[in-house]
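Here are my notes for you, as numbered points. Have the model open while you read, and click on each residue as it comes up.

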Amino acid sequence: MSSRKNPKRPRNAARRHFLGVAAAAGAGLAGLAALAMAISTSPASAMGRLWGRGDADGHGDSHGSAPGGGYGGGANCFLRGTAILTDRGEKPVEDLRINDCVTLPDGSARPIKWIGRQVFKKSGALWHKDVIPIRVSRYALDGHTPHSDLYLSPGHALFLDGVFIRVKELVNGTTIAPVIPADGMPIEYYAVMLDTHEVILAEGAAAETFCLKGSNHENFANFAEYTRLYGEERTVMTSYAPVLGGGWMHFKALILLGVSPLVPVRDPVRDACEKINARAKELSP
């Protein structure tokens, strides 16, 4: 197994010129309004990602709708180009195949059961807020995580301090912020599903796999592939850990963690945001 300390891998030259210049706006830590306002993009050389090639790959596409649903109604997808750690080193998520083995944080490896794909194209003046990828900048979480900029769908959860927190809850407008592609470029997402809900390593950061809940795989363009492989199988996966952030689901998760609503306690989401914001100050020029 390759060390996470050696993240080098081939880079597609097209990644270096797919984004235009833009600016960070807003600094909401939570809430969809803040998320919608905190849109930013970066120069292509800094982003290092290929958003997607649309129908040329034979993938289906949607027009501004939200990505495939995951645990608790959120989406858990990786942007094209995201490096996923496997038993043979890191591979771009779009190069993964069924039965490839991804590496878990404990060093063990598990085979991929299915990979959901979806391509989104902007219809109208603005992207749907639940489609715009969120960038977790290099070293935004700590001194070595993620080892490269990580791009996730807003509903994708990171595994932090024993709980899942959706990345949209961690937006601070600087080190963690939504980004938009250059005009005319689609957004291509991939969801990695194992036989159970797990944590894998994406750009060195602990992130969730796709959590199958009944028929939520049908939100992906290639859902027919799943049906062909597994028939009418309808699995309801158990979440690997509580998912925090987002109204009632957040409250329910706190209860599962043994937190009484009547006793003042520190919130894991708030703790994570404070840590990330402190880290952002360390990284600022």
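1. How much area does the chain expose, and what share of it do carbon and sulfur atoms supply? The chain exposes about 12500 Å², and carbon and sulfur atoms supply 55% of that. Accessible areas here come from the Shrake-Rupley method with a 1.4 Å probe, and for residues only the protein chains shown count as cover.

2. A word on ground rules. This is a predicted model, in which local features need pLDDT of at least 70 and side-chain atom pairs count only at pLDDT 80 or more, while totals for chains, interfaces and linings use all residues. Residues are numbered from 1 along each chain as its sequence is written, and side-chain values use heavy atoms, with hydrogens and water left out.

3. Now the overall build. The chain has 5 helices and 16 strands; these are DSSP runs, numbered from the N terminus, with at least four residues for a helix (H or I) and at least two for a strand (E). Of its 285 residues, 51% count as buried (buried is under 20% relative accessible area, exposed is over 50%, partly exposed is in between, with a 1.4 Å probe and protein chains only). Take the contacts (heavy atoms within 4.5 Å) with a separation of 6 or more: 70% of them come from residues 24 or more positions apart.

4. Next, have a look at strand E14 (residues 199-202). Val199 and Leu201 point one way, Ile200 and Ala202 point the other way, and all are buried. E14 pairs with E15 in the antiparallel sense over 4 bridges (strands pair if DSSP finds at least two bridges between them). Ala202 stands opposite Ala205 in E15. The two strands, E14 and E15, make a hairpin with 2 residues between them, and Glu203 in the turn has a positive phi of about 50°.

5. On to the rings. The structure holds 8 aromatic pairs. Phe210 and Phe220 are edge-to-face, because their ring centres are 5.4 Å apart and their planes stand at 85°. For the cut-offs: rings of Phe, Tyr and Trp (its six-membered ring) pair if their centres lie within 6.5 Å, and planes under 30 degrees apart are stacked, over 60 edge-to-face and the rest tilted. Phe210 and Phe220 both belong to the loop between strand E15 (205-208) and helix H3 (223-230), 10 residues apart, and both are buried.

6. Those two rings have company: Trp114, Phe210, Phe220, Tyr226 and Tyr230 form one aromatic cluster. The charged end of Lys113 sits over the ring of Tyr230, 4.7 Å from its centre (this needs NZ of Lys or CZ of Arg within 6 Å of the ring centre and within 35 degrees of the ring normal).

7. How many disulfides does a search of the whole structure find? The search finds 0, where a disulfide is a pair of cysteine sulfur atoms within 2.5 Å. Cys77 is buried at 0% relative accessible area, and Cys273 also counts as buried, at 7%.

8. Last, some backbone oddities. Most residues other than glycine have a negative phi, and most peptide bonds are trans. Yet a cis peptide bond joins Thr145 and Pro146, with omega about -15°. Pro146 is in the loop between strand E8 (134-136) and strand E9 (150-152). Asn99 has a positive phi of about 80° without being a glycine, and Asn99 is exposed at 58%. Asp161 has a positive phi of about 55°, lies in the loop between strand E10 (157-160) and strand E11 (163-166), and is exposed at 65%.
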